[in-house]
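Work through the exercises below with the sequence and the structure at hand, and try each task before you read its solution.

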Amino acid sequence: MSKDKVQIFDTTLRDGEQVPGCKLDAEQKLVIAERLDELGVDIIEAGFPISSPGDFKSVAEISDLVKNASVCGLTRAVKKDIEVAAEALKTAKKPRIHTGIGTSDSHIKYKFNSTREEIIERAISAVSYAKTFVEDVEFYAEDAGRTDNEFLARVCEAVVKAGATVLNIPDTTGYCLPEEYGAKIKYLKENVKGIHKATLSCHCHNDLGLATANSIAGVINGARQIECTINGIGERAGNTSLEEVVMIMRQHPSLNLDTNINSKLLYDTSRMVSEKMGMIVQPNKAIVGANAFAHSSGIHQDGVIKNRETYEIIDPADVGVNESSIVLTARSGRAALAYRAKIVGYELTKVQLDHAYQEFLKFADLHKEITDEDIPKIMEAANLDLASFS
Ligand code: KIV
Ligand code: ZN
């Protein structure tokens, strides 16, 4: 049975770039956009054109460059924003305008000093106006995570009627629990008249570390687009991490969902974005962290050397990592030492390994990690000479 496609909407260059200190120059944005297109994302949110002349120029240049993906520009529900976005996107092969407004009671009262009825009117006007420029109009209901479902359904119904092709349901503050977010998507699927004409989209922030779980709950309940960033970068605690949602769907065939992403480019893309933004990837980051395929405890190393699948659920090659690494530390066992020593050129007999292991433990107690360069020193201390192994 063929799997249902979930569209990947990458917002590294918009929501991701909002991270303090991560500003990219125009050239860097182009290089990243080209890579995202190659990676297979379906939509690239290239920026917020009215926010600055630099952002306008980047969206225009990315529109020129990108061959396959839709190129999207963000706007508020404001006429001028929409006109400027349309202008920036005018050379895109597949342009999308992403417009919207806050829908939670807190946004309506404190940000807009408005009423629910007025917000619906503004949402309809924004979508209708954007439709005069492009066919593909995505509507975001900002703070949908804290918006009452019944009102959210009314807003969605109104904007679908006005022509919205995608309904973005952002958990802007990263507040929802996965069950809650999933139930919200299900409610909209079941209660918005005309919902079959639009794609529901998950846009989840990571304030409680739930962005990935919430996005997956969303697609399980009928959303068919996920908005995410490389390495999960973004405002505050970040956005949903692209590499995580893609690999969750790939590793769980029972979900019957997949994306167009070429996962073999994930690791390299992660490093590219990290380097250009000057933002390190935490070593224990799922999928792309330096330790994601590194094994250091003796029990795990022994298992992985016998069969990788004992402690790994993903083949590192599938995400572009050369191989699993066996890291030598004081917690490593004989199997790991024998494995790494063999790579360096020492194929040890059982007796030799026993000797070498005693020296290894003394050395390991004094060092955090043992590198390949340290192995000859350990062998020497155990009276084992490389020449006798060749
Ligand atoms: O988090 C959010 O609500 C957003 C919208 C502007 C789409 O980024
Ligand atoms: Zn956001």
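Keep in mind throughout that this is a predicted model.

**Exercise 1.** Find which protein residues are the donors of the zinc ion (ligand 2), and describe how they are spaced in sequence.

Solution. Begin at the zinc ion (ligand 2), whose protein donors are Asp15 through OD, His203 through NE2 and His205 through NE2, lying 2.1 Å from the ion. Next, write the spacing of these donor residues along the sequence, which is D-x187-H-x1-H. Then place two of them: Asp15 lies in the loop between β2 (7-10) and α1 (26-39) and His203 in strand β8 (residues 199-204), so this pair ties together parts that are 188 residues apart in sequence. Finally, check their accessibility, and you will see that Asp15 is buried, as is His203.

**Exercise 2.** Describe the surroundings of Asp171, and decide which side chain of opposite charge is nearest to it.

Solution. First locate Asp171, which is in strand β7 (residues 166-171). Asp171 is buried, and the nearest side chain of opposite charge, Arg146, is 6.5 Å away; because a salt bridge requires the two atoms to be within 4 Å, Asp171 has none. Now look for other partners: a polar atom of the Asp171 side chain lies 3.1 Å from the backbone nitrogen of Tyr175. Lastly, the residues that Asp171 touches, not counting those up to four places away in sequence, include the zinc donors His203 and His205.

**Exercise 3.** Is Gly320 buried or partly exposed?

Solution. Gly320 is in the loop between α11 (298-306) and β12 (325-326), and its relative accessible area of 29% makes Gly320 partly exposed.

Methods:
Residues numbered from 1 in each chain as written. Chains lettered and ligands numbered in written order. Predicted model: local features only at pLDDT ≥ 70, side-chain atom pairs only at ≥ 80, totals over all residues. Heavy atoms only, no water. Helix = DSSP H or I, 4+ residues; strand = E, 2+ residues; numbered from the N terminus. Buried < 20%, exposed > 50% of the residue type's maximum accessible area, 1.4 Å probe, protein only. Lys, Arg positive; Asp, Glu negative; His and termini not counted. Polar contact = N/O pair within 3.5 Å; in protein donor to acceptor, adjacent residues only side chain to side chain. Contact = heavy atoms within 4.5 Å. Donors = N, O, S within 2.8 Å, 3.2 Å for Na, K, Ca; no water.
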